Amino acid sequence: MGEIRVREVPRRYHHGDLRAALLEAAEEIIERDGVQALTLRAAARAVGVSHAAPANHFGDLTGLLSELAAIGYRRFAHALQAAKSSAEGSGERGAPAMGRAYVNFARQQAGMFALMFRSERLDMSRPSLRAAIDEARQALRDAASMRPKDAAPPSPLARAAEAVALWSLVHGFATLLLDGRLDGILSALPAGDDVDTLLAAILAPRHR
């Protein structure tokens, strides 16, 4: 008797917000299979609607990717803002808290993180995406500039330099981690040390 193959049945869209359903399906695809696997047809098939349906809401694949990236940037901004608020409540400097939030976001939503920084796949002129990116950048600047209340305020150049330096550090760390480039270093760490303690050690000398 031959092997019985079970065909995956797509979800069927019945009512409600088709645009939101398509975005949800698109996110599932990139998290499971990567950004390169997402097409308008794949999103439509996952929801169970016609292949033309996504175009009615997003125009083309770039539109769908851009709106999905905007969702990612808003989540990202909220994660950074939450880290900043937590640091303020505990008396911790903002940079280490933000660094942890940045890397955790990348680890937990790797597909979304990869999409957000693939500008060649995005329409950077879309208002929703621009607004979400600006929100995330402001959250990054705010967290990076946290300092004791009695400290002198930094100059605009110093504030920008600190934000860019911190961004470069944590983004580079997150990218190396997701690409598996840190596996050798992590496996050689002493017992009890891991990704979190390594990141904390990297951030600590810069923000004592």
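Where is Y102 found? Y102 sits in helix α5. Helices here are DSSP runs of H or I with at least four residues, strands are runs of E with at least two, and both are numbered from the N terminus.

This is a predicted model, in which local features need pLDDT of at least 70, side-chain atom pairs count only at pLDDT 80 or more, and totals for chains, interfaces and linings use all residues. Residues are numbered from 1 along each chain as its sequence is written, and side-chain values use heavy atoms, with hydrogens and water left out.

Start with the whole chain. The chain has ten helices and zero strands. From the N terminus on, its elements read α-α-α-α-α-α-α-α-α-α. Of its 208 residues, 39% count as buried. Buried means under 20% relative accessible area, exposed means over 50%, and partly exposed lies in between, for a 1.4 Å probe and protein chains only. Contacts (heavy atoms within 4.5 Å) can be sorted by sequence separation. Among those between residues at least 6 apart in sequence, 69% join residues at least 24 apart.

Return to Y102. Its relative accessibility is 1%, so Y102 counts as buried. Which residues is Y102 in contact with, leaving aside neighbours within four places in sequence? They are F76, L80, F113, F117, W167, V170 and H171. F113 is eleven residues from Y102 in sequence, and their C-alpha atoms are 9.9 Å apart in space.

Helix α5 also holds P96. P96 counts as buried because its relative accessibility is 15%. The C-alpha atoms of P96 and V170 are separated by 9.7 Å, with their positions 74 residues apart along the chain. V170 thus leads on to another part of the model, as one of the residues of α8 in the contact with α10.

Now take that helix pair. Two packed helices are described by the angle between their axes and the distance between the axes. Axes are lines fitted to C-alpha atoms, for helices over the stretch in contact, and angles run from 0 to 180 degrees between N-to-C directions. Helix α8 covers residues 156-178 and helix α10 covers residues 195-203. Their axes come within 12 Å and cross at roughly 155°. That makes α8 roughly antiparallel to α10. The angle classes are these: under 35 degrees is roughly parallel, over 145 roughly antiparallel, 65 to 115 roughly perpendicular, and the rest oblique. The crossing of α8 past α10 is right-handed. A crossing is right-handed if the near helix is turned clockwise from the far one by less than a right angle, and left-handed if anticlockwise.

From α8, the contact takes in L166, L169, V170, F173 and L177. From α10 come V195, L198, L199, I202 and L203. These residues divide into ten nonpolar, no polar and no charged. Ala, Val, Leu, Ile, Met, Phe, Trp, Tyr, Cys and Pro count as nonpolar, Asp, Glu, Lys and Arg as charged, and the others, Gly among them, as polar.

Next, the pair α1 and α2. Helix α1 spans residues 18-33 and helix α2 spans residues 40-47. At what angle do they pack? The angle is about 110°, with the axes 9 Å apart. The two helices are therefore roughly perpendicular to each other. α1 passes α2 in a right-handed crossing. On the α1 side, L18, A21, L22, A25 and I29 make the contact. On the α2 side, A42, A43, A44, A46 and V47 do. The contact of α1 with α2 counts ten nonpolar residues, no polar and no charged.

R45 is also in helix α2. R45 counts as partly exposed because its relative accessibility is 49%. The C-alpha atoms of R45 and L22 lie 9.6 Å apart, 23 residues along the chain.

L22 appears again beside helix α3 (residues 53-58), where A53 has its place. Leaving aside neighbours within four places in sequence, A53 is in contact with L18 and L22. A53 is buried, with a relative accessible area of 8%. Its C-alpha atom is 9.5 Å from that of A43, ten residues apart along the chain.

Last comes a loop residue. Q109 lies between α5 (94-108) and α6 (110-116). Is Q109 buried or exposed? Q109 counts as buried, at 17% relative accessibility. Not counting residues up to four places away in sequence, Q109 touches E27, E31 and R75. With R75, the link is a polar contact between side chains, at 2.8 Å. A polar contact is a pair of N or O atoms within 3.5 Å; within protein, one must be able to donate a hydrogen and the other to accept it, and residues adjacent in sequence count only if both atoms are side-chain atoms.
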